[in-house]
Structures are given as structure tokens and as C-alpha cells.
Amino acid sequence: RREANKPDADVVLLCCNRVLASVLRHRVKVDGPGELTVRSIHSVLSDLIKDSSFQKEFDEAKAGLETSEVFNRLMPEFALRALMEKDCKQYSTLVIDEAQDMLSRTMLDVLDALLVGGLSGGRWWLFLDRNNQASVFGVYEDIALFRLIPIGIVSLLPTNRRNTIQIATDTEIKTLPQYPPAATIDGIPVKTVWYQKPADQLRLLGSTLKSLLNEEISAYQITVLSCRNAADS
């Protein structure tokens, strides 16, 4: 918002997840003189490929590949080839949320082309967690981050302000993060339930939900997270 309030500003806010992009698009609005565009990185890559002569070759190359292989490797490679063919729209400011989900050497080359002045001379902010969260999509490369460090200003956020002390401690015990951030907000105890079979998971989840509802906790206050999509969960 601050950047977009500058005259003649053209800001792009990128993330990897299209659902997050949709949320940000509705919540990050500006009334200033500048422009603000919110997109998922893969929609940008897709448009670059579509506007090039490589679309057909890309379609043939992605046939039979896993979706993750297409998103993580093939799309950045073909988008970079597209950029070598012709120039693209550039933005005055680049902001990326959850940058660990897209931080590879090839992707940096693409981002460099999107920014006025490039990464070495342009205005950009990248927010990321290079701790355990960086392994979720398997895209993150330390060498890409080390390329940015000499040309940027590094700010470390050592305090966990998202989670309570109880949640942070319980998570650290289970995941053994390399750099556990210190939580400061007190909260209620965390209850962990273990299971071995999918049927046990379903039964335990059902009994947990019933217990919460019996405690007069409204359904809209309950969130169930899964590493699978709804159809496979």
C-alpha cells in the first residue's frame, strides 16, 4: 500500500498459492495514485509462455509429468525462454510473500526481468521462511537466497508472533526445526492425538469435533487442516 501510494508507482505482489493470491487481492487495495497488481507467480509464468512461440512446445513437454514438476521446473524454464524472445511488462516495485515456495535460480532470473532496474537495482521485498517451511514444495535453493543477500538488506524476524508458546513448543518438539523462533504469547494447552490407521484418524477427528461442539464452540470457529485436498482427505 505504501509503495502504491507513490505517484507513477506500479507495484506487483506475488505469491505461489492462488488461494492466497485471491485473499490478498481482496484485502490489499489502494486508493493512491499508483497501481497495485496481485497475482500468483504461476499465472505470471503461464501468461509469459502463452505470449511466446513456445506454447506448443511447453504443452508437449508437460505431457505425462507430475504437476509439481510442471510448476516447479518446467514453467520457470519456459517462461525464461519466453523472456529471451521478447520483453515483458515491468513493475516499479516487487513484493513476494512466502518466497520460499518459489525461490530458485531460474525463478530469480524471471523475477529479475519483471522489475524495473532488475533485482540488483530495483525495489523489492521478499518475505520467506528458510527453516522447515522451505521444504514444503521442494523449490527453495539456498544458492538463490545467497544471490540476493549481497544486493539487499537482510532483516531477521526472530519472534514467533503467530503462535502461542504452547503451539510453538509442541511444534518444535515434533518437527525439530533448525531455527526455532521464540513465541511470547501465552495460550491454552495443546492436545496431541496419535493414530496409525486412516480409519482411526477419521474416528478420532469425528470424536474431537463432537467434543468441541458439545463445549458450545461454534462450527465456524473450528478449522480442520489436511495435507491433502478435500477429495482425497
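**Salt bridges and cores: a quick tour**

Visitor: How many salt bridges are there by the rule used here?

Guide: The rule first: a salt bridge is a side-chain nitrogen of Lys or Arg within 4 Å of a carboxyl oxygen of Asp or Glu. By this rule the count comes to 13 salt bridges.

Visitor: What kind of model is this?

Guide: Residues are numbered from 1 along each chain as its sequence is written, and side-chain values use heavy atoms, with hydrogens and water left out. Local features need pLDDT of at least 70, side-chain atom pairs count only at pLDDT 80 or more, and totals for chains, interfaces and linings use all residues, as this is a predicted model.

Visitor: Which residue does Lys-62 form a salt bridge with?

Guide: Look in helix H3 (residues 55-62), where both partners lie three residues apart, about one turn of the helix. Helices (H or I, at least four residues) and strands (E, at least two) are DSSP runs, numbered from the N terminus. The closest N and O atoms are 3.8 Å apart, and the partner of Lys-62 is Asp-59.

Visitor: Is Asp-59 buried, partly exposed or exposed?

Guide: Buried means under 20% relative accessible area, exposed over 50%, and partly exposed in between (1.4 Å probe, protein chains only). Asp-59 has 34% relative accessibility, so this residue counts as partly exposed.

Visitor: How many residues apart are Glu-141 and Arg-105?

Guide: These two form a salt bridge, with the closest N and O atoms 2.9 Å apart. Glu-141 sits in the loop between strand S4 (123-126) and helix H7 (142-148), while Arg-105 is in helix H5 (residues 105-114). The pair links distant parts of the chain, and the separation is 36 residues.

Visitor: Which element gives the largest share of the largest nonpolar core?

Guide: A nonpolar core is a set of buried Ala, Val, Leu, Ile, Met, Phe, Trp, Tyr and Cys residues joined through side-chain atoms within 4.5 Å. The largest one has 37 residues, and among those touching the most other members are Leu-14 and Ile-41. Elements giving two or more residues to this core include strand S1 (10-15), helix H2 (41-50) and helix H4 (67-85). The largest share, seven residues, comes from H4.

Visitor: Which residues is Ile-41 in contact with, leaving aside its neighbours within four places in sequence?

Guide: Contact means heavy atoms within 4.5 Å. With those neighbours left aside, Ile-41 is in contact with Leu-14, Cys-15, Cys-16, Met-102, Met-107 and Leu-111.
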